[in-house]
Amino acid sequence: MKRLFVGLVLLMMSFLSALDSLEVLRQFGTRVGLFRWVGELLIALAAVALFAHSTKLHRRLLFPRRGGHLLAAGIVVYALGAAVATGLVVTALGWFAIEKDSLLAPAPALVAQIVPLPLLFAGQLLLVIGVFRAMTNLVPKSEFDADY
């Protein structure tokens, strides 16, 4: 359930980041001193929490583990893409490649050439497939209402 929640929040954030109508919120957040994505994160968290609470999602999942591996893989690939996009991977490899003659010396230059867009796309694709597999196995509402 946690992986499904994180996957839905990431997908909602990627959708909200494409909306131009939220530019006012982003500008207000930067004036206050927040990152650009904090407003989108708050909206996505609220929307997914409201959806999960109103549909009683945690009770209606017939097979809670179905799609879990795809969701976990999507979260990892998406996080790796975000780390590459922000330069965290290059910085981390720079800490380990101290000596010029070491085996890891050319690694930061090679990793700096990685384009993050395919990683982000693959992460989103895995998240969509994982969420679809998890959500297609819900108990029907009529059966759920009869039991509860």
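What follows is a short walk through the helices of this predicted model, how some of them pack, and a few residues worth a look.

Starting with the overall make-up, the protein is built from nine helices and has zero strands. Read from one end of the sequence to the other, the pattern is simply α-α-α-α-α-α-α-α-α. The chain runs to 148 residues, and 28% of them count as buried.

Two helix pairs involving H8 can be described in some detail. Helix H1 covers residues 2-17 and helix H8 covers residues 116-135; their axes come within 10 Å and cross at roughly 130°. That angle makes H1 oblique to H8, since angles over 145 degrees are what it takes to be called roughly antiparallel. As for handedness, H1 and H8 cross in a left-handed way.

The other pair is H5 with H8. Here the axes come within 7 Å, and the crossing angle is roughly 160°. H5 and H8 are therefore roughly antiparallel to each other, because 160° is past the cut-off of 145 degrees. This crossing, too, is left-handed: that is how H5 passes H8.

Ala-82 offers a residue-level view of H5, the helix that spans residues 68-86. With a relative accessible area of 34%, Ala-82 is partly exposed, because that class sits between the 20% limit for buried and the 50% limit for exposed. Along the chain, Ala-82 is 35 residues away from Leu-117, yet the C-alpha atoms of the two are separated by 9.1 Å. Leu-117 falls within the 116-135 stretch of H8, so this C-alpha pair links the two helices just described, H5 and H8.

A similar long-range pair turns up with Leu-41, a residue of helix H3. Leu-41 and Met-12 sit 29 residues apart in sequence, and their C-alpha atoms are 8.5 Å apart in space. Met-12 belongs to the 2-17 stretch of H1. Leu-41 has a relative accessibility of 25% and so counts as partly exposed, given that buried would call for a value under 20%.

Finally, there is a greasy spot on the outside. Phe-28, Val-32 and Leu-34 together make a nonpolar surface patch of about 300 Å². One of its members, Leu-34, is found in the loop between helix H2 (23-32) and helix H3 (38-54). Leu-34 is partly exposed as well, at 44% relative accessibility. The other two members of the patch, Phe-28 and Val-32, fall in the 23-32 range of H2.

Notes: Residues are numbered from 1 along each chain as its sequence is written. This is a predicted model: local features need pLDDT of at least 70, side-chain atom pairs count only at pLDDT 80 or more; totals for chains, interfaces and linings use all residues. Side-chain values use heavy atoms; hydrogens and water are left out. Helices (H or I, at least four residues) and strands (E, at least two) are DSSP runs, numbered from the N terminus. Buried means under 20% relative accessible area, exposed over 50%, partly exposed in between (1.4 Å probe, protein chains only). Patches are made of residues with over 30% relative accessible area and no salt bridge: like charges are joined within 9 Å, nonpolar side chains (Val, Leu, Ile, Met, Phe, Trp, Tyr) within 5 Å. Accessible areas come from the Shrake-Rupley method with a 1.4 Å probe; for residues, only the protein chains shown count as cover. A salt bridge is a side-chain nitrogen of Lys or Arg within 4 Å of a carboxyl oxygen of Asp or Glu. Axes are lines fitted to C-alpha atoms, for helices over the stretch in contact, and angles run from 0 to 180 degrees between N-to-C directions. Angles under 35 degrees count as roughly parallel, over 145 as roughly antiparallel, 65 to 115 as roughly perpendicular and the rest as oblique. A crossing is left-handed if the near helix is turned anticlockwise from the far one by less than a right angle, and right-handed if clockwise.
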